[in-house]
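Trainee: I am new to this structure and would like to learn how its descriptive terms are justified. Could we go through them one at a time?

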Amino acid sequence: MNHVKAVRKFVTHIVKNYIAHLLDIKIPLILGIWGGKGQGKSFQTELVFQAMGIEPIIMSAGELESERAGEPGRLIRERYRAASQVVQNQGKMSCLMINDIDAGLGRFGNTQMTVNNQIVVGSLMNLADNPTRVSIGQDWRESDFTNRIPIIFTGNDFSTIYAPLIRDGRMEKFYWQPNREDIVNIVHRMYEKDGIPKDDVVRIVDEFPNQALDFYGALRSRTYDRSISKWIDEIGGVEKLGDKLLRRKKNEKLPVFTPPKFMDLCKVFFPLFQTGGKGREIIFSSGE
């Protein structure tokens, strides 16, 4: 099962980096998890973080550019040192995670590499080569050592990133493509608060095969629309929204919102499933 392989790869990478001083081998600091959009890469890493008790320091691709030259590179080094402080001060495992890194560092079509892109790539390469010596601008001190902190990337296409950064020795790569069993388990976890049985999750997945995981998340979100529309009517309609949401009195509480019962909504959706693609169109376009 691909899920098991992904978890094992992730856990092995974390552990290898924490015991690197005991191993007489070259260990890549970076693990790159790549795959199609909406396939649950970030969701899976969050589950592993929770299971292992890891306190991650998370960055997004949007932080890899700035109007000031050198700022993103400095930010990466600061976040790396912050993860090291989590280990040192809290006694917890930590890692630096950068989501959608190819969106920030990838080269597409006629896009040009900026000075900050170059500095970020250089900073990450230096971290991979010297993970315990990290400067954020101050003078180098012989006694200034940082805990080795594993780095996790997620992305859709690593081939767009500067090749020396993702070479073997600096970065391990894992292709995440969930199979049907993985999707059923993840969607079941996604719907667990709704109390929907696994058999019904299997039915949903079978009725809509070959869909990315974000589709099933959107389906769950869509089920709330009817309840929200009903709640708006109960608080006085569209005209009263501003008063109720933003200008209510200090001790005045919002009217209670009752989440939908997913099982009841499934009774509405399942007949639509029989229409295939047309059913999907009805579900996502209907305002009722």
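Trainee: Among the contacts in the chain with a separation of 6 or more, what percentage comes from residues 24 or more positions apart?

Mentor: Bearing in mind that this is a predicted model, residues 24 or more positions apart account for 74% of those contacts. The chain has 288 residues, of which 41% count as buried, and its secondary structure comes to 11 helices and five strands.

Trainee: How are the strands of the sheet ordered, and in what sense do they pair?

Mentor: The five strands form an open sheet in the order β2-β3-β4-β1-β5, and the pairing is parallel. From one strand to the next, the twist averages 20°.

Trainee: What makes β2 and β5 edge strands?

Mentor: Strand β2, residues 57-60, and strand β5, residues 171-175, each pair on one side only, and that is what makes them the edges. For β5 the partner is β1, residues 30-34, with five bridges in the parallel sense; since two bridges are enough for strands to count as paired, β1 and β5 qualify. Within this pair, tryptophan 34 stands opposite tyrosine 175.

Trainee: Why is α6 called roughly parallel to α8?

Mentor: The axes of α6, residues 180-190, and α8, residues 213-234, come within 10 Å and cross at roughly 25°. Angles under 35 degrees count as roughly parallel, and therefore α6 is described as roughly parallel to α8. The crossing of these two helices is right-handed.

Trainee: Which residues make the contact between α6 and α8?

Mentor: Helix α6 contributes Ile183, Ile186, Val187 and Met190, while α8 contributes Leu213, Tyr216, Gly217 and Arg220. Sorted by class, the contact has six nonpolar residues, one polar and one charged.

Trainee: Which strands does α2 lie across?

Mentor: Helix α2, residues 41-52, lies across β1, β3 and β4, and it runs at about 165° to β3. As angles over 145 degrees count as roughly antiparallel, the angle of about 165° puts α2 and β3 in that class.

Trainee: Why is aspartate 100 called partly exposed, whereas asparagine 210 is called exposed?

Mentor: Exposed means over 50% relative accessible area and buried means under 20%, with partly exposed in between. Aspartate 100 has 38%, so it is partly exposed, whereas asparagine 210 has 80% and is therefore exposed. Aspartate 100 is in the loop between β3 and α4, and asparagine 210 is in the loop between α7 and α8. Neither is a glycine, yet phi is positive in each, near 55° for aspartate 100 and about 60° for asparagine 210.

Terms used: Residues numbered from 1 in each chain as written. Predicted model: local features only at pLDDT ≥ 70, side-chain atom pairs only at ≥ 80, totals over all residues. Heavy atoms only, no water. Axes fitted to C-alpha atoms, helices over the stretch in contact; angles between N-to-C directions. Helix = DSSP H or I, 4+ residues; strand = E, 2+ residues; numbered from the N terminus. Parallel < 35°, antiparallel > 145°, perpendicular 65-115°, else oblique. Left-handed = near helix turned anticlockwise from the far one by under 90°. Contact = heavy atoms within 4.5 Å. Nonpolar A, V, L, I, M, F, W, Y, C, P; charged D, E, K, R; others polar. Buried < 20%, exposed > 50% of the residue type's maximum accessible area, 1.4 Å probe, protein only.
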